[in-house]
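User: Could you walk me through the reasoning behind some of the labels used for this model?
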Amino acid sequence: MKSCQERGGKQAPIVVAIANIRRGYDFTPSYLKLGRGENRRTGNGDNFLSFITNELIPKIEQQYSVNDTRYFMGHSWGGAFTSYVLSQYPDLFKGVFIFNPSFGNIPDASNKADKLSQDFIKNILKK
């Protein structure tokens, strides 16, 4: 890997990928429910987002020489979660990339558009 000086003073980007086997659960905000019948439960997206903002980002900043330029990206369930991240923390990332968000795959979530829209209006459009 080239040194910072060899790259003309520019830092190499750091890419952080989070492996996740509970995508539907972890990428769904807590105001939505997943599953059917007695197996219905609220999403864990609030806790997952808290992990990213309160543990992961500070850990990266502690271990590596980084600036405050961050990007966030997601596809499918991750795209829906990225929309949620943007609605909750519009200034945390310099940019977000949302690819093919899977809003329609959340069972019985008729209130998702209203809540997500309200969060966007409250946190983003007011600026």
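User: What makes β3 and strand β4 a pair?

Analyst: Two strands pair if DSSP finds at least two bridges between them. β3 and β4 (residues 95-101) are joined in the parallel sense over six bridges, so they meet that cut-off. In this pairing, F72 stands opposite V96 in β4. Strands here are DSSP runs of E with at least two residues, and helices are runs of H or I with at least four, numbered from the N terminus. This is a predicted model, where local features need pLDDT of at least 70, side-chain atom pairs count only at pLDDT 80 or more, and totals for chains, interfaces and linings use all residues. Residues are numbered from 1 along each chain as its sequence is written, and side-chain values use heavy atoms, with hydrogens and water left out.

User: Why is T53 called buried or exposed?

Analyst: Buried means under 20% relative accessible area, exposed over 50%, and partly exposed in between (1.4 Å probe, protein chains only). T53 has 14% relative accessibility, so T53 counts as buried. You can find T53 in helix α2.

User: What is T53 in contact with, leaving aside its neighbours within four places in sequence?

Analyst: T53 touches P58, Y89 and L92, where contact means heavy atoms within 4.5 Å.

User: How do the residues of the lining of the largest pocket divide?

Analyst: There are 20 nonpolar, nine polar and three charged residues. Ala, Val, Leu, Ile, Met, Phe, Trp, Tyr, Cys and Pro count as nonpolar, Asp, Glu, Lys and Arg as charged, and the others, Gly among them, as polar. A pocket is an open set of points on a 1 Å grid over the protein atoms alone, where a 1.4 Å probe fits, with protein on both sides within 12 Å along at least five of seven lines; lining residues have an atom within 4 Å of a point. α2 gives the most to this lining, with six residues.
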